[in-house]
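Student: Could you take me slowly through one part of this protein, beginning at a single loop and then following the strands into the interior? I would like to see how one place connects to the next.

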Amino acid sequence: MSESIILTDAGLLPEDLLPDVSHLVTEDDEPLDNLPSEKQQRLLTETLYSSWNGPSNAQGFLVAANVGLFPSNKQPPIVPDVFLSLDVQVADNWWERRHRSYFFWDFGKPPEVVIEIVSNREGNETGRKILEYARMRVMYYIIFDPTRQLGGEVLQMYELRGRQYLPMSEQWLTEVELGLCLWEGAYEGKRDVWLRWCDATGNIIPTGAERAEQERLRAEQERLRAEQECLRAEQEREAKETALQRAERLAAQLRALGVEPEV
């Protein structure tokens, strides 16, 4: 990184000291991605907005796909497939050029997590990118390599220790209170092995559609349980009526024989 950015105590530069971004390319309007990567990115972003409230004591979060990270206004950005940043908020006037990308001096910090989805060997995920993210002080660097293009594990997770990344022995990101796991199942009608966010016990964080289905199943279970309770009550009522009818018939037979039944 060519230039350090000095932040105020509040974490953000004063308005009159904000760098000029008019020369920076914040979007090229020529997206080119493959179908599996696009759907995987959407799964990782949509899930958190649908079913996650953020970690304890955090004031909001931002998760995004294919948005440039600008640590300095003196160099081009690096664009992760997905990133997660805590305690940040997108500006209300986000269409303004100075708010349209993730400028470190605007948000006051780097993201906590970056994720790269590997589909070929051109991304240099274990070379240039791992060095760049370390220089940016990104806490967790995740590589998802579903077709093993890099020759290693499908899921590689790194944590910044000092100035370099070290492989993680577990899949729990302590500082963001989230985990990552491989999940085999169907997402939007496509069955595959997906990278999913999960909680501390390994349960996946559901998408909006999965939450809706869970609620539907819970409602159906409640309906069935209510029906079973009504049926049980009806059976008990009928059983009592049948027993009473038998007792009344027996009493009538005893009276016919001149015996007064005991009440």
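Tutor: Asn57 sits in the loop that lies between α1 and β1, and in this model, which is a predicted one, the residue has a phi near 70°, a positive value although Asn57 is not a glycine. Most residues other than glycine have a negative phi, and that is a reason to look at such places with care. Asn57 has a relative accessible area of 75%, and because the cut-off for exposed is over 50%, this residue counts as exposed. Asn66, in the loop between β1 and β2, likewise is not a glycine and has a positive phi, of about 55°. With a relative accessible area of 42%, Asn66 is partly exposed.

These two loops lie on either side of β1 in the chain, and β1, residues 61–65, is one of the elements that give two or more residues to the largest nonpolar core. The helix before the loop of Asn57, α1 (35–51), is also among these elements, as are β3 (82–86), β5 (113–117) and β6 (140–144). The core holds 25 residues, and those that touch the most other members are Leu84, Val113, Ile115, Ile142, Leu173, Leu180 and Trp197. Another core, of 21 residues, lies apart from this one, and among its members are Ala64, Val138, Tyr141 and Leu160.

Now follow the strands inward, to β5. Where does β5 stand, enclosed or open to the outside? Five of its five residues are buried, so β5 is largely enclosed by the rest of the structure. Cover is found on both faces, since Val113, Ile115 and Ile117 on one side are buried, and Val114 and Glu116 on the other side are buried as well.

The neighbours of β5 can be taken in turn. β3 and β5 run antiparallel and are joined by three bridges, with Leu84 standing opposite Val113 of β5; both of these residues belong to the group that touches the most other members of the largest core. β5 and β6, by contrast, run parallel and are joined by five bridges, and here Val114 has Tyr141 of β6 as its bridge partner. Tyr141 is, as said above, a member of the 21-residue core.

Before β5 in the chain comes the loop between α2 and β5, where Lys109 is placed. Its relative accessibility is 18%, and because buried means under 20%, Lys109 counts as buried. Leaving aside residues up to four places away in sequence, Lys109 touches Ser85, Leu86, Val88, Tyr102 and Phe104.

On the surface you can find a contrast to these buried places. Val90 lies in the loop between β3 and β4 (102–103), and with Trp94 and Trp95 it forms a nonpolar surface patch that has about 400 Å² of accessible area together. Val90 itself is partly exposed, at a relative accessible area of 34%.

Consider next the helix α3, residues 128–136, in which Lys129, Ile130, Glu132, Tyr133, Ala134 and Met136 are buried. The elements that cover these buried residues include β2 (69–70), α2 (104–107), β5, β6, β7 and β8, and so you meet β5 again here. Just after α3 comes Arg137, which takes a positive phi of about 70°.

Two of the covering strands, β7 and β8, form a hairpin with two residues between them. β7 covers residues 155–161 and β8 covers residues 164–167, and the two pair in the antiparallel sense over four bridges. Arg161 stands opposite Gln164 of β8, and Gly162, in the hairpin, takes a positive phi near 70°.

Last, there is an open sheet of three strands, in the order β9-β10-β11, with antiparallel pairing. The edge strands are β9 (172–173) and β11, each of which pairs on one side only. β9 is joined to β10 by two bridges, and Trp172 stands opposite Gly179 of β10. Of these strands, β10 and β11 are among the elements that give two or more residues to the largest core.

To set all of this in the whole, the protein has four helices and 11 strands, and 37% of its 263 residues count as buried.

Methods. Residues are numbered from 1 along each chain as its sequence is written. This is a predicted model: local features need pLDDT of at least 70, side-chain atom pairs count only at pLDDT 80 or more; totals for chains, interfaces and linings use all residues. Side-chain values use heavy atoms; hydrogens and water are left out. Two strands pair if DSSP finds at least two bridges between them. A nonpolar core is a set of buried Ala, Val, Leu, Ile, Met, Phe, Trp, Tyr and Cys residues joined through side-chain atoms within 4.5 Å. Buried means under 20% relative accessible area, exposed over 50%, partly exposed in between (1.4 Å probe, protein chains only). Contact means heavy atoms within 4.5 Å. Patches are made of residues with over 30% relative accessible area and no salt bridge: like charges are joined within 9 Å, nonpolar side chains (Val, Leu, Ile, Met, Phe, Trp, Tyr) within 5 Å. Accessible areas come from the Shrake-Rupley method with a 1.4 Å probe; for residues, only the protein chains shown count as cover. A salt bridge is a side-chain nitrogen of Lys or Arg within 4 Å of a carboxyl oxygen of Asp or Glu.
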